Number of protein chains: 2
Amino acid sequence: MKKRISDSVIRRLPRYFRYLTELTRCGETRISSAMLSEKMNVTASQVRQDFNCFGGFGQQGYGYSVPALKQEIASILGADMGNRAIIVGMGHLGTALMKNMNFAKYGVSVAGVFDISPQVVGTTVNGMQVRSMDEIEAFCSQEKPNLAILTLSRDSTQTVAAQLQQYGIRGFLNFASVELSLDGAYVENVHFGDGLMMLCYALKQEQQGGDGSDAKNSGTK
Amino acid sequence: MKKRISDSVIRRLPRYFRYLTELTRCGETRISSAMLSEKMNVTASQVRQDFNCFGGFGQQGYGYSVPALKQEIASILGADMGNRAIIVGMGHLGTALMKNMNFAKYGVSVAGVFDISPQVVGTTVNGMQVRSMDEIEAFCSQEKPNLAILTLSRDSTQTVAAQLQQYGIRGFLNFASVELSLDGAYVENVHFGDGLMMLCYALKQEQQGGDGSDAKNSGTK
């Protein structure tokens, strides 16, 4: 039985996961907490404390096993659940996500992609045919996706999301510039503008003679 | 003279800014710290403390002036600096950003957009002609943009960013799934996958009988 992991630790896990993925790509098999802490910009004791929350994996003097740690973090983050996503809105952003996002890395498969435009419905994006919104209820009932990635307009996002929740979708990744909010479902709102604002802040600090270093090489997470 | 504002307060400002923008859109002119705190999911005393960092604006019993607060936050975040951005990479993601992102809201103007593909160079996106990467050095030297939004491949991002830094770009918003890192420049890495992982975590918690509530209606910020 694992103990409950705090929200702040959980929020750091995707970053660890990204870095461990990078290490795997480079063929690294072991990493010290000192190295991890340097890369992650947290203290080494923070790293050890974070990893102790879910069982350690570290060995004094040997560091952490990259594959074991990566697999454990992936498992905590639910990458072993066989989650199934639909993408709703296959304009430029939906197409970019379909073409570039490595869903398999997160253990997510794309079950279907949808659009409202007759010009887009029936076309193929990355080997998958775009379906009409008219089919979405039947599709959800049959294929039982549990995640929706929404690249819709401000105006339609809330309505479509509420419908999809009724069709059984439990988690929503929303890209519209509106704060989606749903009772009883999980929502992550992606705000491109936040990163831009942090950069503008840093540039202003710099121009005013500060060093703006808070934002240097930070991440939007 | 303003006192130094802590990093954690600064990181909350884009969220306040988004909410105040929403209130402005709805025609609201005043907001209480209680209302703000409910919406922002921070305590009312945290809201008051945050806003006291940059001069208050609150009046006992009257709440905050929405336009004054919005303008002050915009100013702290550098939206009054006339920053100029270039977008490098006009594939689907670059096109989506160009078409949907309200740069003016952040006080940023798009000075130019660039791509390497001969099929894309010369086409027009949202009224702006896509330029060739061959022109980018001369363009930067003449137009002096200070921000770059990069929607490039993993492999080319670091190299292109390092070049652009030499051409005078100071801030980078990176969308490639690689952790861009530049000495002496400001970088914000946008990771779509992080939000997806937080959703998968919440769904796993839910399926295991927890309520996964940490992720409910959260934001990727």
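How many residues does the contact take from chain A and from chain B? It takes 74 residues from chain A and 74 residues from chain B. Please keep in mind throughout that this is a predicted model. The predictor gives the complex an ipTM of 0.90 and a pTM of 0.90. For chain A, the average pLDDT is 89, and 90% of the residues score at least 70.

I shall begin with the interface. Between them, chain A and chain B bury about 7000 Å², and 59% of this area is on carbon and sulfur atoms. There are also charged pairs: the count between the two chains is ten salt bridges. In one salt bridge, the side chains of Arg18(B) and Asp194(A) meet, with a distance of 2.6 Å from N to O. In addition, 19 residue pairs are in polar contact across the interface, both residues being at pLDDT 80 or more.

Which elements of chain A supply at least two residues each to the side that touches chain B? Among them are the helices α1 (7-25), α4 (66-76) and α5 (92-100), and the strands β8 (147-150) and β9 (171-174). The element that gives the most is α8(A), with 15 residues.

Let us turn to the aromatic residues. Over all chains, a search of the whole structure finds 13 aromatic pairs. Consider Phe114(B) and Phe139(B): their ring centres are 5.2 Å apart and their planes stand at 75°, so this pair is edge-to-face, the cut-off being over 60 degrees. Phe114(B) lies in strand β5 (residues 108-115) and Phe139(B) in helix α6 (residues 136-143), both of chain B, so the pair ties together parts that are 25 residues apart in sequence. Is Phe114(B) buried or exposed? Phe114(B) is buried, and Phe139(B) is buried as well. Elsewhere, one aromatic cluster is formed by Phe175(A), Phe192(A), Phe175(B) and Phe192(B).

My last example is Thr151(B), which is placed in the loop between β8 (147-150) and α7 (154-166) of chain B. Why does Thr151(B) count as buried? Its relative accessibility is 15%, and buried means under 20%, so Thr151(B) meets the criterion. Leaving aside its neighbours within four places in sequence, Thr151(B) is in contact with residues including Val88(B), Met90(B), Leu97(B) and Phe175(B). Leu93(B) is another of these contacts; Thr151(B) and Leu93(B) are 58 residues apart in sequence, but 6.6 Å apart in space, from C-alpha to C-alpha. Finally, the side chain of Thr151(B) reaches the backbone oxygen of Gly89(B) at 2.6 Å.

Note on methods. Residues are numbered from 1 along each chain as its sequence is written. Chains are lettered from A and ligands numbered from 1 in the order in which they are written. Side-chain values use heavy atoms; hydrogens and water are left out. pLDDT is the predictor's confidence in each residue, from 0 to 100. Rings of Phe, Tyr and Trp (its six-membered ring) pair if their centres lie within 6.5 Å; planes under 30 degrees apart count as stacked, over 60 as edge-to-face and the rest as tilted. Helices (H or I, at least four residues) and strands (E, at least two) are DSSP runs, numbered from the N terminus. Buried means under 20% relative accessible area, exposed over 50%, partly exposed in between (1.4 Å probe, protein chains only). Contact means heavy atoms within 4.5 Å. Buried area is the accessible area (1.4 Å probe) that two parts lose on being put together, summed over both. A salt bridge is a side-chain nitrogen of Lys or Arg within 4 Å of a carboxyl oxygen of Asp or Glu. A polar contact is a pair of N or O atoms within 3.5 Å; within protein, one must be able to donate a hydrogen and the other to accept it, and residues adjacent in sequence count only if both atoms are side-chain atoms.
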